[in-house]
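Good morning, and thank you for joining this meeting. I would like to walk you through one structure that is new to this group. Please look at the sequence and the model as they appear.

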Amino acid sequence: MTRGQERCLYVFSQREFETLHDRMREQVPALGKRGRDFIRMFLSGASQEVPDAQRRVTIPPPLR
């Protein structure tokens, strides 16, 4: 779970997050400062959450 654009939250599986992060890192040189700023924001809010028995997750305070 991490910050998204326009005050949204993005929720990914571990595999999806790693794939997305790898693709972002490959494109950083082409994205310039705005791209680096987005990646920094995206990663700084990342939090690994584990669903409970009813498959609910808690939203950490910094992401609320």
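I begin with the largest pocket, whose volume is about 290 Å³. Please bear in mind throughout that this is a predicted model.

Which residues line the largest pocket? They are Met1, Val11, Phe12, Ser13, Gln14, Phe17, Ala46, Ser47, Gln48, Glu49, Pro51 and Val57. Sorted by class, that lining consists of seven nonpolar, four polar and one charged residues.

Let me now step back to the overall architecture. The protein contains one helix and two strands, and along the sequence these elements follow the pattern β-β-α. The C-alpha trace spans about 40 × 25 × 15 Å along its principal axes. The protein has 64 residues, of which 20% count as buried. As for contacts with a sequence separation of 6 or more, 50% of them are accounted for by residues 24 or more positions apart.

I turn next to the helix, α1, which covers residues 14–44. A straight helix of 31 residues would span 45 Å at 1.5 Å a residue, yet the end C-alpha atoms of α1 are separated by only 16 Å. Where is the kink in α1 centred? It is centred on leucine 31, and the angle there is about 135°.

Which residues of α1 are buried? They are Phe17, Leu20, His21, Met24, Gly35, Ile39 and Phe42. The cover over these buried residues includes both strands, β1 at residues 2–3 and β2 at residues 9–10. Phe17 deserves a second mention, as this buried residue of α1 also belongs to the lining of the largest pocket.

Not every residue of the helix is hidden in this way. Arginine 15 lies in α1, and it counts as exposed because its relative accessibility is 68%, where the cut-off for exposed is over 50%. Between arginine 15 and arginine 3 there are 17 Å in space, C-alpha to C-alpha, and the two are twelve residues apart in sequence.

Two further arginines call for comment on their backbone. As a general rule, most residues other than glycine have a negative phi. Arginine 7 is not a glycine, and yet its phi is positive, at about 65°. This residue sits in the loop between β1 and β2. Is arginine 7 buried or exposed? With a relative accessibility of 85%, arginine 7 counts as exposed.

Arginine 55 is the other case: its phi is positive, again about 65°, although arginine 55 is not a glycine. Its place is in the segment after α1. Arginine 55 has a relative accessible area of 72%, so it is exposed.

The segment after α1 also holds valine 50. Its relative accessible area is 66%, and therefore valine 50 is exposed. Which residues does valine 50 touch, not counting those up to four places away in sequence? Valine 50 touches Arg56 and Val57. Of these, Val57 is itself one of the residues lining the largest pocket, which returns us to the point where I began.

To close, I would ask you to keep two features in view: the kink of about 135° in α1, centred on leucine 31, and the largest pocket, with its volume of about 290 Å³. Thank you for your attention.

Technical notes: Residues numbered from 1 in each chain as written. Predicted model: local features only at pLDDT ≥ 70, side-chain atom pairs only at ≥ 80, totals over all residues. Heavy atoms only, no water. 1 Å grid on protein atoms, 1.4 Å probe; cavity = no way out; pocket = protein on both sides within 12 Å on 5 of 7 lines; lining within 4 Å. Points joined across faces, edges and corners; volume = space filled by probe spheres on them. Nonpolar A, V, L, I, M, F, W, Y, C, P; charged D, E, K, R; others polar. Helix = DSSP H or I, 4+ residues; strand = E, 2+ residues; numbered from the N terminus. Expected span 1.5 Å × (residues − 1). Bend = angle between axes of the 7 residues up to and from the residue. Buried < 20%, exposed > 50% of the residue type's maximum accessible area, 1.4 Å probe, protein only. Contact = heavy atoms within 4.5 Å.
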